Amino acid sequence: MHDLDPSRIDLSLDSRAITFENPTGARGAGGSTLGGRKGAPSRMLQPGETVQLADIEGPGTVRHIWMTFPPARPEVMRALWFEVYYDGASEPSISVPCLDFFGLPCGRPVPYHSAMASAQEGRGFNAYFPMPFKKRFRMVLTNSSRRTLPFYYQVDYTLEKELPADAGYLHVSFRRENPTVLYRDFVIADDFRGPGRFLGCAVGIRTIDAAEWYGEGEVKVFLDGDRDLPTICGTGLEDYVGSAWGMGAHVAHYAGSPLEARPAERTNGVPDFIGFYRWHIPDPIIFRESLKVTIQQIGFNSFREGQEAEFEAYDRTNPAAGSGWTKNAAPGLLASGIAERVDDYSAAAFVYCSEPQPVPRLDIAAATADIGRMPYEERNRVAAFGG
């Protein structure tokens, strides 16, 4: 968009911001509480409470969303969620846990930054996804936890005379499959009508299979009627994230994996929780009619001589993938290879569509199940801040 050039002074843009002290974003109305001396920058969200964060008449574009709430147990943090309704629609086009929207799955905030979102010091959550709207933008937030939470936020936006003809509405859907089904690829995004653009995803994994490596599965993008085979197919999970030969915690501009939760003494084997993001910005994925994005659940495992019983048991529950098991490839090595596996996957999918359309409503019980803090995480200073 031309307004990303910081040297331009575009007088067609009317710059506004919404907070609790200026809930309408009106001109000359910011910070008015208690004489403008920071009288009401936040409010306490009661358990089960829903609050409207923004209701804006367009045309306009939300440029930046910032929020913060105190670190707490994962099931509490993921229970704070929001929805966005465009142009008077009765069903939301965004329905997602707050942390997942900011690229942080599994209810675990960690410090990171990327081109589209960041968690500064792991507690200041920022999103820079442009969110154009023609008639109306309405955003509501719900605290589905059992805790009262202090909450701060700011929505920065511009009002405009008209939007570019090719501007799309941002949609964010949330899916979780706990556990996944053997041989059935987890669906990251589906049921979006084009024209549109797949911006990317934030994916969370709770590993169930304890094999050596979880990430051999390929990401597949089915476009405009693709059925048996996709148009775009990657070479492995860590490759999709931009890394290779396994994956540890790291961040980069367009892809990264900031979350890797495992005890310090477990230097080998899979982490308990993984979170990664991928933004398709310089490599756009455009669809005209339909879009489906999936990821396989395939891992790697190996067995030493003397582990014949363990290998036979694993092979019964985890059929070989690819070319099958390689046996006796090196002295002392009984078998190695990639195999089908079952894990717990969730994904926030970010998709621009030319017209608003509904996404599935968030199932908060499914989103918050089985993500409790691990015993070794009690030592985490930031997580301990909020109990």
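These numbered points describe the fold, surface and charge pairs of a predicted model.

1. Secondary structure. The chain is built from six helices and 25 strands. Among contacts between residues at least 6 apart in sequence, 76% join residues at least 24 apart.

2. Overall dimensions. The C-alpha trace spans about 75 × 45 × 40 Å along its principal axes. For 387 residues, a compact globule would be expected to have a radius of gyration near 21 Å, and the 22 Å of this chain agrees with that.

3. Burial and surface. Of the 387 residues, 53% count as buried. The accessible surface of the chain is about 17600 Å², and carbon and sulfur atoms account for 52% of that area.

4. Charge balance. Negative side chains number 49 and positive ones 39. The centres of these two sets lie 6 Å apart.

5. Salt bridges in total. Side chains of opposite charge can pair when their charged atoms come close. The structure holds 23 salt bridges. Three pairs and one network are described in the points below.

6. Arg8 and Asp10. The side chains of these two residues meet in a salt bridge, with an N to O distance of 3.7 Å. That distance qualifies because the cut-off for a salt bridge is 4 Å. Arg8 has a relative accessibility of 40% and therefore counts as partly exposed.

7. Glu218 and Lys220. The closest N and O atoms of this salt bridge are 3.1 Å apart. The two partners fall on either side of the burial cut-off, which is 20% relative accessible area. Lys220, at 13%, is buried, whereas Glu218, at 24%, counts as partly exposed.

8. Asp283 and Arg278. Here the salt bridge has its closest N and O atoms 2.9 Å apart. In this pair the positive partner is again the buried one: Arg278 has a relative accessibility of 15% and so counts as buried. Asp283 has a relative accessible area of 29%, which makes this residue partly exposed.

9. A linked group. Which residues are linked in a network of salt bridges? The network consists of Arg176, Arg206, Asp344 and Asp370. In sequence position, both arginines of this network precede both aspartates.

10. Points to look at in the model. For pairs with a buried partner, inspect Lys220 with Glu218 and Arg278 with Asp283. For a salt bridge with a partly exposed arginine, see Arg8 with Asp10. For salt bridges joined in a network, see Arg176, Arg206, Asp344 and Asp370.

Notes:
Residues are numbered from 1 along each chain as its sequence is written. This is a predicted model: local features need pLDDT of at least 70, side-chain atom pairs count only at pLDDT 80 or more; totals for chains, interfaces and linings use all residues. Side-chain values use heavy atoms; hydrogens and water are left out. Helices (H or I, at least four residues) and strands (E, at least two) are DSSP runs, numbered from the N terminus. The radius of gyration is taken over C-alpha atoms; the globule rule is 2.2 Å times the number of residues to the power 0.38. Buried means under 20% relative accessible area, exposed over 50%, partly exposed in between (1.4 Å probe, protein chains only). Contact means heavy atoms within 4.5 Å. Accessible areas come from the Shrake-Rupley method with a 1.4 Å probe; for residues, only the protein chains shown count as cover. Lys and Arg count as positive and Asp and Glu as negative; His and the chain ends are not counted. The place of a charge is taken as NZ of Lys, CZ of Arg, CG of Asp or CD of Glu.
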